[in-house]
Structure formats: C-alpha cells, structure tokens
Amino acid sequence: EVAKQLTATRKQAANQLGRDTSERMQGLAMEGAKFAVELLTSAAGVHGLEHIQFLVAANKGGDLRPMAKVASGGELSRISLALQVVTSRLTSVPTLVFDEVDSGIGGRVAEVVGKTLRELGQRYQVLAITHLPQVAAFGNQHWQVSKQDMGSETLSHLHELVAMARTEEIARMLGGETITATTLQHAEEMLLQAASH
C-alpha cells in the first residue's frame, strides 16, 4: 500500500518535473527540446515498485529517448543545469556547486549558461567551476585556483581576482597565455556586458 502511494506521488512529480525542466531548457538554447521522467515497473523493494529513467528529445520534433544514450556532453550540461534550477526551488540547500556545468558548450550558449547561473545566484550561493570566459564574466566574484608541485605533494592555491586582475584572467581565458591589447579590450567589454544584465 505504501509503495502504491509512492507510485502515485512519483507519477505526479514526474509530470511536473518533465514540464518544468522542458520549459527551463528552452531558455538554455535548447528550443523545442523536451524532457520527461519515465517510471519503469520493477520488482517491489525498498525503493518502491519502479525505477526511473530520464528521457530527452534534444531537438524540436524528436522522439523522447533515454538521456544516457542520446544526449551530447553540451546537452547533458544544460539539462543538468535546467534540473538544478527547477529542483532548487524545492530544497533548503543554501549553496549550489556546479563543476564545469558548461562542458561541451561555447559562445552564445555559454553566455546563456552564465546568465542562468547569475539568476540562480540571486536566491542561492552559487559556486561555478568554469574554463569559459563567457560564464566567468557573469560571476559576482571571481577566484582563481592554481596548483604548485612541492616535492612529493601538490599544493592548491586560491585567490580572489579583483579589478584589473579579473580583466587579465578573462583575457587569458579568451586568448591564452599571451595577453594582447585586443584580448584585454574584449575582456573589459565582456565584463561590462555581463554586469549590465
């Protein structure tokens, strides 16, 4: 009886999660994409009467198929972010950590992800590990992590980048080790645009 009640609750939650996540994916440069939660019947056990499979149609008009089999790295990153945004409303966790949620994306899509992370940051503390300047530019604070070999061990260093140091790091992320006047100008422009959103 308890398992049947769990199934009924899961069906309702699955439909809502599918709708909300699909809606959120539209704003992450996945126009026309769909997300659904499928409840697959399994033997009764401590986890209920079913197990769960995520389905996705990454393109408009596509059929829903198992996410693990069809989603690319960039799609998985954005679907993961959409799920985090949707489910974050249901939790009381004050901090969200995104470890390279921007994997497999770039350009305009990276900017959209940066905006989404900033939006989340209005309600939660958001820590995002990124290698993309489009995402880093949207942060309210920017920290750099570096590693140093010290004989038999490696030490990690963390320091906050402010003012020109931040602009130089965005420029380095844009253009590599050699920072030119052009990359610095582009970095300044990127930071100004992100600040205006």
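**View 1. Helix α1 lies across β1 and β2, running at about 160° to β1.** The angle is taken between N-to-C directions on a scale from 0 to 180 degrees, with axes as lines fitted to C-alpha atoms, for helices over the stretch in contact. Everything shown here comes from a predicted model, where local features need pLDDT of at least 70 and side-chain atom pairs count only at pLDDT 80 or more, while totals for chains, interfaces and linings use all residues. Residues are numbered from 1 along each chain as its sequence is written, and side-chain values use heavy atoms, with hydrogens and water left out. Helices (H or I, at least four residues) and strands (E, at least two) are DSSP runs, numbered from the N terminus.

**View 2. Three antiparallel strands make an open sheet in the order β1-β2-β3.** At the edges sit β1 and β3 (65-66), each pairing on one side only. Strands count as paired if DSSP finds at least two bridges between them. Between β1 and β2 (residues 48-57) there are nine bridges, in the antiparallel sense. Pick out Leu40 and you'll find its bridge partner in β2, His51.

**View 3. Ala29 sits in the loop between α1 (2-26) and β1 (34-45).** Here's a backbone oddity to look at: phi of Ala29 is near 60°, a positive value in a residue other than glycine. With 16% relative accessibility, Ala29 counts as buried. Buried means under 20% relative accessible area, exposed over 50%, and partly exposed in between (1.4 Å probe, protein chains only). Across the chain of 197 residues, buried ones make up 35%.

**View 4. Strand β5 (residues 125-129) includes Ile129.** Ile129 comes out as partly exposed, at 40% relative accessibility. Glu100 is 29 residues away from Ile129 in sequence, yet their C-alpha atoms are 5.3 Å apart. Leaving aside residues up to four places away in sequence, Ile129 touches Val97, Phe98, Asp99, Glu100, Val101 and Asp102. A contact here means heavy atoms within 4.5 Å.

**View 5. Strands β6 (residues 142-150) and β7 (residues 153-161) run antiparallel, joined by nine bridges.** The two strands form a hairpin with two residues between them. In the turn, Gly151 has a positive phi of about 70°. One pair to zoom in on is Ser146 with its β7 bridge partner, His157.

**View 6. Ala163 belongs to helix α6 (residues 163-175).** Ala163 isn't a glycine, but its phi is positive, at about 50°. Ala163 is exposed, with a relative accessible area of 63%.

**View 7. Helices α6 and α7 (residues 181-195) cross at roughly 110°, their axes coming within 8 Å.** That makes the two helices roughly perpendicular to each other, a label for angles of 65 to 115 degrees; under 35 degrees counts as roughly parallel, over 145 as roughly antiparallel and the rest as oblique. The crossing is right-handed, meaning that the near helix is turned clockwise from the far one by less than a right angle; anticlockwise would be left-handed. Residues of α6 that meet α7 include Met164, Ile170 and Leu174, and among those on the α7 side are Leu184, Met190 and Leu191. By class, this contact has eight nonpolar, four polar and three charged residues. Ala, Val, Leu, Ile, Met, Phe, Trp, Tyr, Cys and Pro count as nonpolar, Asp, Glu, Lys and Arg as charged, and the others, Gly among them, as polar.
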